[in-house]
Amino acid sequence: MSTSSPALSPIRRLTLRDLTACADLSENRGWQREEHKWGFLLTAGTGYGIDDPDGGLVAACVLTRYGPQDRPDLGAIGMVLVAERHARQGIGRRLMHHVISTMGTTPLTLHATPYGRPLYEELGFKVTGWAEMVLGRFTPTPDEQRPCIATRAATAGDLTGILRLDEEVFGADRTPFVTRLPAFADQLRVAEDHGRIIGYAAAWPNMDTHVVGPLIARDTETAKALLASLAAHTSRPLRTDIDVRHEELLTWLKERGPTPVTRNAVMTYGIAELPGDWSRRFAPLTVAAG
């Protein structure tokens with residue numbers, strides 16, 4: 001058994017070679033392994049970790065940069081984990097300090113569980129919103145079998161329109177993430193109005209569920225149509241994290257099967273609120289990346 005202190009071990013960049021160690025760390029803290037999501041985040045974002053002298057990782061997190069990579073407009077922090085036997089030793093705080101200093105004056109955001117929120121508040125993050133996770137099988141009503149808003153599977157020709165809409169609504173360029181969605185997600189669908197894309201959504205596999213995200217739509221009815229169309233093309237339960245300001249959509253979802261799991265705080269650092277248009281931003285791509 002090593003006598004080296006993990007608290008003094010260097011923080012290093014993670015790569016796809018660390019995928020199994022990241023999944024092991026998730027499992028150690030009672031999370032699902034989520035290897036598919038870890039692979040996506042480590043490829044499109046930047047992982048940071050601290051090695052355990054006895055093998056594996058003591059701690060890990062992922063930082064995603066939006067906008068120009070040399071001068072990002074926004075950074076999102078997610079998957080902040082410290083191994084159980086090294087918890088409450090200041091390691092998570094040290095890792096967060098490293099990420100914050102790496103980003104300089106760039107505004108930051110994250111989704112905080114009740115467990116993690118006190119640390120983030122100590123570091124200067126402020127609660128600016130809430131997201132409610134719902135999970136379950138979606139059963140549409142008979143009249144929803146023929147939605148009045150047209151949706152269809154996205155094609156390569158839709159990418160320019162999706163990227164334009166996404167940047168307008170999200171408030172920063174997410175091209176490295178959005179362009180990976182066709183390979184990452186099992187479904188990518190768009191809503192149209194007279195040939196113009198007015199919304200899009202993806203459903204990606206996570207263990208035995210399909211996570212819906214991102215969900216961007218012109219209005220609540222368009223969001224409903226996209227959700228119903230995704231549900232119609234999967235046999236798995238759906239999971240998604242809806243901005244609680246979208247009360248009508250949350251009520252509608254719960255009436256059709258999915259039930260509340262938890263509420264997480266949406267927190268920001270360096271800005272009073274997230275950029276973009278929240279009224280058209282219904283769910284994040286993943287809470288780990290905004």
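Cys61 is buried, with a relative accessibility of 1%. The model is predicted. Cys148 sits at the other end of the scale: it counts as exposed, at 78% relative accessibility. Searching the whole structure for disulfides gives 0. Cys61 is accordingly in no disulfide, and the nearest cysteine sulfur belongs to Cys22, 9.8 Å away. The cut-off for a disulfide is a sulfur pair within 2.5 Å, so a distance of 9.8 Å does not qualify.

**Nonpolar cores**

The largest nonpolar core has 39 residues. Within this core, Trp38, Tyr66, Leu181 and Tyr200 touch the most other members. Helix H2, residues 35–44, is the biggest contributor, giving 5 residues. Another core lies apart from it and holds 26 residues, including Phe138, Leu215, Ala217 and Leu249.

What does Leu181 touch, leaving out residues up to four places away in sequence? Its partners are Leu188, Tyr200, Ala202, Pro214 and Leu285.

**Two covered helices**

In helix H2, 7 of the 10 residues are buried, so the helix is largely enclosed by the rest of the structure. Those buried residues are Lys37, Trp38, Gly39, Phe40, Leu41, Leu42 and Ala44. The list includes a lysine, Lys37.

Helix H8 spans residues 220–232. From first C-alpha to last, its 13 residues reach 18 Å, close to the 18 Å expected at 1.5 Å a residue. H8 is mostly covered, with 11 of its 13 residues buried. Among them are Ala223, Ala225, Leu226, Leu227, Ala228, Leu230 and Ala231. Thr220, Thr222, Lys224 and Ser229 are buried as well.

**Aromatic pairs**

A pair of aromatic rings is described by the distance of the centres and the angle of the planes. The structure has 8 aromatic pairs. Two of them share Phe184, as the table shows.

| Pair | Centre distance | Plane angle | Class |
|---|---|---|---|
| Phe40 and Phe184 | 4.0 Å | 25° | stacked |
| Phe184 and Trp204 | 5.0 Å | 35° | tilted |

Why do the classes of these pairs read stacked and tilted? Planes under 30 degrees apart count as stacked, so 25° puts Phe40 and Phe184 in that class. Planes over 60 degrees apart would count as edge-to-face, so the 35° of Phe184 and Trp204 falls in between, as tilted.

The Phe40 and Phe184 pair links distant parts of the chain. Phe40 belongs to helix H2 and Phe184 to helix H7, residues 181–184, with their positions 144 residues apart in sequence. Both Phe40 and Phe184 are buried. The Phe184 and Trp204 pair ties helix H7 to strand E9, parts that are 20 residues apart in sequence. Trp204 is buried too, like Phe184.

One aromatic cluster takes in Phe40, Tyr66, Phe170, Phe177, Phe184 and Trp204. Tyr66 is also one of the residues that touch the most other members of the largest core. A charged side chain joins the picture at Phe170: Arg174 lies over the face of that ring, 4.0 Å from the ring centre.

**Backbone geometry**

Most residues other than glycine have a negative phi, and most peptide bonds are trans. Where does the backbone show a cis peptide bond? A cis bond joins Gly213 and Pro214, with omega about 0°. Pro214 lies in strand E10, residues 209–217. Pro214 is also one of the contacts of Leu181.

Arg88 has a phi near 60°, a positive value in a residue other than glycine. Arg88 is found in the loop between strand E4 (74–82) and helix H3 (91–103). Is Arg88 buried or exposed? Arg88 is exposed, with a relative accessible area of 65%.

Met207 also has a positive phi, near 60°. Met207 lies in the loop between strand E9 (196–206) and E10. Met207 counts as partly exposed, at 44% relative accessibility.

**The segment before strand E1**

Ser9 lies in the segment before strand E1 (11–14). At 13% relative accessibility, Ser9 counts as buried, because the cut-off is under 20%. Which residues does Ser9 contact, leaving aside its neighbours within four places in sequence? The contacts are Ile50, Asp51, Pro53 and Arg94.

Notes:
Residues numbered from 1 in each chain as written. Predicted model: local features only at pLDDT ≥ 70, side-chain atom pairs only at ≥ 80, totals over all residues. Heavy atoms only, no water. Helix = DSSP H or I, 4+ residues; strand = E, 2+ residues; numbered from the N terminus. Buried < 20%, exposed > 50% of the residue type's maximum accessible area, 1.4 Å probe, protein only. Core = buried A, V, L, I, M, F, W, Y, C linked by side-chain atoms within 4.5 Å. Contact = heavy atoms within 4.5 Å. Expected span 1.5 Å × (residues − 1). Phe/Tyr/Trp six-rings, centres within 6.5 Å; stacked < 30°, edge-to-face > 60°. Lys NZ or Arg CZ within 6 Å of the ring centre and 35° of its normal.
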